[in-house]
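Subject: Structure handover

Hello,

Please find the structure below, with notes on what was found in it.

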Amino acid sequence: MSMDLFAQDENDTSKVSAAQKALSKGIDLITRSSRDTVLVEKAEEKFIPFEGKIIRNINVKRVGFEFSIYGEEKPIVQKIGRIANSLHTNTREKTIRQHLFIRPNQRLNPYKLGDNERYLRDQSFILESRIIVTPIVDTDSVDLTVVTRDIFSIGGSVGGSFPTAPLFKIYDANVDGRAQGIEFDVLYDNDRVPKTGIAAAYSKSSLLGSFVDLMVYYTQLNSGISAGEEKEYATGISLERPLVSPYSKLAGGAGWSQNWSKNVYSLPDSLFLDYKYNVANLWAGFNFGSEKPLQDRRREFVALRAFDGYFIDQPEQEYMTNESRYHNSRGVLAEFTVYEQDFFKTQYVYGFGRTEDIPFGYNFSTTVGYTKTMGLARPYGDINLNYKGASKSGSFYELTFNAASHFRNGPEDVAIQTGGTFYSPVFSLGRYKIRNSGSFFYTQLFDRVTNDWLTIRGNTIPGLRVDEVDATQRISFGFESSLFTPWSLIGFRITPFSSFYWAKLKCPTCENKYQKYSGISLGMRIRNENLIFGTMEIKGTFIPNDDEGQSKFAFGFRKNLRFRKSDIFVAAPNLINYN
């Protein structure tokens, strides 16, 4: 018996040693402690040698803020990390397991492991995730160790117009380590009636391990689904189950919100647009081919969507009669999609050194259905072509073509958009890194009946808004160069950038048929990858001529959304929005 006990102890020691080695390897991959090269590898690459092995155990390990993605940090940053550890509740093991779609006693699928790593990194409360494979000697089995590194999930900000109308936000994206998010916002504005406005939201990721994301919100700050021009109050709820992997079979979602305009700035009744509406949306889809051989990632996806935007009260002003946004809109759509998609792991795209998942592959979809807008009931159809390419050099690009039309005695409200975006490889100059990007898009409207005219807004040229012309064509171009520096201030990294923008509108009914606009920007982005704040951007843009023919300088400050998702294909039929 003593020999058996000794053998058991030896076996336990061996297990502990293997688990410790897996954890150490995971930490090394997360911290990149001994290298400054830019990661470029396929998501499944490290798992291919173990394809077909039986998964015996899945262990979950979480590392603290003392481990940085940049390796050894300055003493002050290390001290802050220790303080963060004492204030922060690490994501619970049960919560991590609720986000796993790999299971013991299954055969190891390299692509599925890559998908699951990415899905974990997509969560707003996780900075990094790695899955380490440990072979079991003299068997066809392996153990998996899931190593994750949290983001400090508690945050806050001051925005709005300071000091006359400050907006205060406080939030926690991972309450008690359970993938629950809460946010509370307060706006104080002397010009408002009442002076104070609030908003609150609750979210839960992978509810009960179902991969369904829940969100409930109430806002007095025009921060929900907003269709009209006025400041809107809203309350809503949504449930969404994305297609988290090509090996998933089901996806779907449901959402409802009620919005109503509020005259918080005491406009005269003749100017204030008084309206109230509900929006309901329901869709479900099935993924064919999830049981195909591992190397065959081609899939077919079929989805059905029903939506209803119903106005309880409409604006009384006559000049709003022809504005489609203030009319009921409903429809039923069916979509068929053929796609194949994989991912590269890299860095220095949107993040400042974290692992980012870049998709490559194709997606072709066609949608048919029946919609009713402004009293017009019409069949609807669209086609969408999307191709993403990536190379081991670190460059990647995306090409798109979208065409949509309603039908009533022939095509009408036809909209076509095509274009692409290219990102160069990262060029290293010592510890400095440069990545360039460029984009080009062409949009055209034909036989317009209810579609909105094309516009230029901040997403085309920062600081410029052109929406008072009846434009049927838009061409836009943009170029940006970013310098990722090793500069750090208490963990905050700095990236200067420069940008150039150009756009042209065609308005057949205008005196000046072609209207051209441009902008040149200089700015910097600041981010601490340990925090949930996201990237802060400070940018100044010079616009030689605005919509009134005047030159101007626009200054902007914006914060990226905290709750990030990588560019995962989620097959959900949707009407194309070209504005």
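Pro194 sits in the loop between strand 7 (180-188) and strand 8 (196-204). The peptide bond that joins Val193 and Pro194 is cis, with omega at about 0°. Helices and strands here are DSSP runs numbered from the N terminus: H or I over at least four residues for a helix, E over at least two for a strand.

Before the rest, a note on the source: this is a predicted model, in which local features need pLDDT of at least 70 and side-chain atom pairs count only at pLDDT 80 or more, while totals for chains, interfaces and linings use all residues. Residues are numbered from 1 along each chain as its sequence is written, and side-chain values use heavy atoms, with hydrogens and water left out.

Two residues other than glycine have a positive phi. Asp176, with phi near 60°, is in the loop between strand 6 (165-172) and strand 7. Its relative accessibility is 34%, so Asp176 counts as partly exposed. (Buried means under 20% relative accessible area, exposed means over 50%, and partly exposed is in between, with a 1.4 Å probe and protein chains only.) Leu208 has phi near 55° and belongs to the loop between strand 8 and strand 9 (213-219). Leu208 is exposed, because its relative accessible area is 79%.

Which residues gather in a patch of negative charge on the surface? They are Asp269, Asp274, Asp313 and Glu316. A patch takes residues with over 30% relative accessible area and no salt bridge, and joins like charges within 9 Å. A salt bridge is a side-chain nitrogen of Lys or Arg within 4 Å of a carboxyl oxygen of Asp or Glu. Of the patch members, Glu316 lies in the loop between strand 13 (299-313) and strand 14 (329-346), and at 76% relative accessible area it is exposed.

Strand 13 also holds Phe301, which is buried at 0% relative accessibility. The C-alpha atoms of Phe301 and Gly289 are 8.8 Å apart, with the two positions 12 residues apart along the chain numbering.

As for the whole protein chain, there are four helices and 28 strands. Its radius of gyration is 26 Å, close to the 25 Å that the globule rule gives for 579 residues, so the chain is as compact as a globular protein of that length. (The radius is taken over C-alpha atoms, and the rule is 2.2 Å times the number of residues to the power 0.38.) Buried residues make up 50% of the 579.

Regards

Key
Patches are made of residues with over 30% relative accessible area and no salt bridge: like charges are joined within 9 Å, nonpolar side chains (Val, Leu, Ile, Met, Phe, Trp, Tyr) within 5 Å. Accessible areas come from the Shrake-Rupley method with a 1.4 Å probe; for residues, only the protein chains shown count as cover. Lys and Arg count as positive and Asp and Glu as negative; His and the chain ends are not counted. The place of a charge is taken as NZ of Lys, CZ of Arg, CG of Asp or CD of Glu.
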